[in-house]
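Here are a few short exercises on side-chain contacts. Grab a viewer, try each task, then check the worked solution below it.

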Amino acid sequence: MSAQNVPAPDSGTQTTDAQHAGTRNPDAQHADAQNPDAPGITVIGLGQMGSALADAFLTAGHRTTVWNRTPGKADSLVARGAVRAASVAEAVEASGLVVVCVLDYPAVRGLLAPVAGSLRGRVLVNLTSGSPEQARAEAEWAAEHGVGYLDGAVMTTPPGVGDSANMFLYSGSPELLAAHRATLAVLGDPVDLGPDAGLASLYDAGLLGLMWSVFGGWLHATALAGADGVPARDFTAVATRWLKTVSWFMTTYAEQIDEGKYPGDDATIDVQVATIGHLLHAAEARGVDNRLPELHLELMRAAVAAGHGGDSYARIIENFRK
């Protein structure tokens with residue numbers, strides 16, 4: 001059975017937290033603080049991010065079961081009403097929706113492979129960071145064991161979990177995401193990237209690269225302005241407004257990239273080669289490291305040398321594709 005077709009509602013018919021309270025889990029008495037009508041959630045992995053995920057579910061009133069290799073990491077969550085599972089098997093059996101956030105994909109498989117039978121018929125949401133290839137392999141493993149699977153990427157740091165302004169990227173079964181959207185939305189805005197389970201990891205890698213590039217450009221520019229006594233906060237107030245215009249350029253260039261045509265009707269590469277010279281001169285005069293803009297200039301010059309000086313900056317993508 002394909003993982004995309006596994007019916008596994010949030011609440012499920014699995015062992016409930018209340019049943020655990022009467023049998024093997026002394027921490028289950030704290031579950032009374034939860035909303036008994038809310039879907040049950042299990043969170044496996046209580047590092048900074050996993051703890052933030054569990055905290056958001058608790059805040060939203062979900063009956064939340066948690067497990068971590070070091071049990072003490074669950075103490076604060078248990079004090080707030082979470083149920084501490086004594087084992088991975090107990091954690092999985094407690095809920096129809098299982099969220100895992102651990103160090104890496106091998107750790108995910110190491111924890112879940114021994115309890116694959118208990119996972120059957122449930123939904124696994126993997127928010128562990130990894131590669132697209134690892135995500136696709138995990139989706140195949142889940143499908144082989146009758147487990148519904150969503151791979152995800154958390155596009156914020158732990159303090160941002162629970163804020164709807166922050167994105168959580170999901171790929172895998174759109175049907176499963178639709179069925180559990182309301183539950184997952186308590187973590188942040190769920191963004192559906194489609195049925196290819198590897199896309200959340202792919203987007204994650206690309207977006208982090210974009211972030212670091214923006215950080216690098218901002219730090220270079222802030223150092224440049226700061227050399228003349230401009231406070232970082234003053235420069236940044238103008239820079240963040242400028243980024244709105246930059247995002248407009250990106251949207252326009254994206255259409256050019258998809259079409260494979262790069263009309264230089266806004267600003268040609270030739271013009272930008274000249275303009276970046278002003279940046280390099282100003283930074284050099286102030287003792288600012290110019291390696292980042294020099295890389296951009298190198299890419300621009302390569303495009304000009306190939307006869308594309310009259311094209312838009314979007315043409316540079318062809319250099320990256322090599």
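**Exercise 1.** Sort Glu318 into buried, partly exposed or exposed, then work out its salt bridge.

*Solution.* Keep in mind that this is a predicted model.
- Step 1: Glu318 has a relative accessibility of 26%, so it goes down as partly exposed.
- Step 2: Its salt-bridge partner is Arg321, with the closest N and O atoms 3.1 Å apart. The cut-off is 4 Å, so the pair qualifies.
- Step 3: Arg321 comes out at 51% relative accessibility; the exposed class starts over 50%, so Arg321 counts as exposed.
- Step 4: Glu318 and Arg321 both sit in helix 13 (residues 317–321), and because they are three residues apart there, about one helical turn separates them.

**Exercise 2.** Take the salt bridges Arg315 to Asp311 and Arg291 to Asp289, and sort the residues of each by accessibility.

*Solution.* A search of the whole structure turns up eight salt bridges, and these two are among them.
- Step 1: Between Arg315 and Asp311, the closest N and O atoms are 2.9 Å apart.
- Step 2: Buried means under 20%, so Arg315 is buried at 18%, and Asp311 is buried too, at 16%.
- Step 3: The side chains of Arg291 and Asp289 meet at 2.8 Å, N to O.
- Step 4: Arg291 has 64% relative accessibility, so it counts as exposed. Asp289 has 43% and counts as partly exposed.

**Exercise 3.** Which aromatic pairs does Phe249 form, and what is the geometry of each?

*Solution.* Searching the whole structure gives two aromatic pairs.
- Step 1: Trp248 and Phe249 have ring centres 5.3 Å apart and planes at 65 degrees. Over 60 degrees counts as edge-to-face, so that's the label for this pair.
- Step 2: Phe249 also pairs with Tyr253, at 6.2 Å centre to centre and 25 degrees between the planes. Under 30 degrees counts as stacked, so this pair is stacked.
- Step 3: Phe249 and Tyr253 both lie in helix 10 (residues 232–259), four residues apart, about one turn of the helix.
- Step 4: Put the pairs together and you get one aromatic cluster of Trp248, Phe249 and Tyr253.
- Step 5: Now for accessibility: Trp248 is exposed at 52%, Phe249 is partly exposed at 27%, and Tyr253 is buried at 13%.

Conventions. Residues are numbered from 1 along each chain as its sequence is written. This is a predicted model: local features need pLDDT of at least 70, side-chain atom pairs count only at pLDDT 80 or more; totals for chains, interfaces and linings use all residues. Side-chain values use heavy atoms; hydrogens and water are left out. Rings of Phe, Tyr and Trp (its six-membered ring) pair if their centres lie within 6.5 Å; planes under 30 degrees apart count as stacked, over 60 as edge-to-face and the rest as tilted. Buried means under 20% relative accessible area, exposed over 50%, partly exposed in between (1.4 Å probe, protein chains only). Helices (H or I, at least four residues) and strands (E, at least two) are DSSP runs, numbered from the N terminus.
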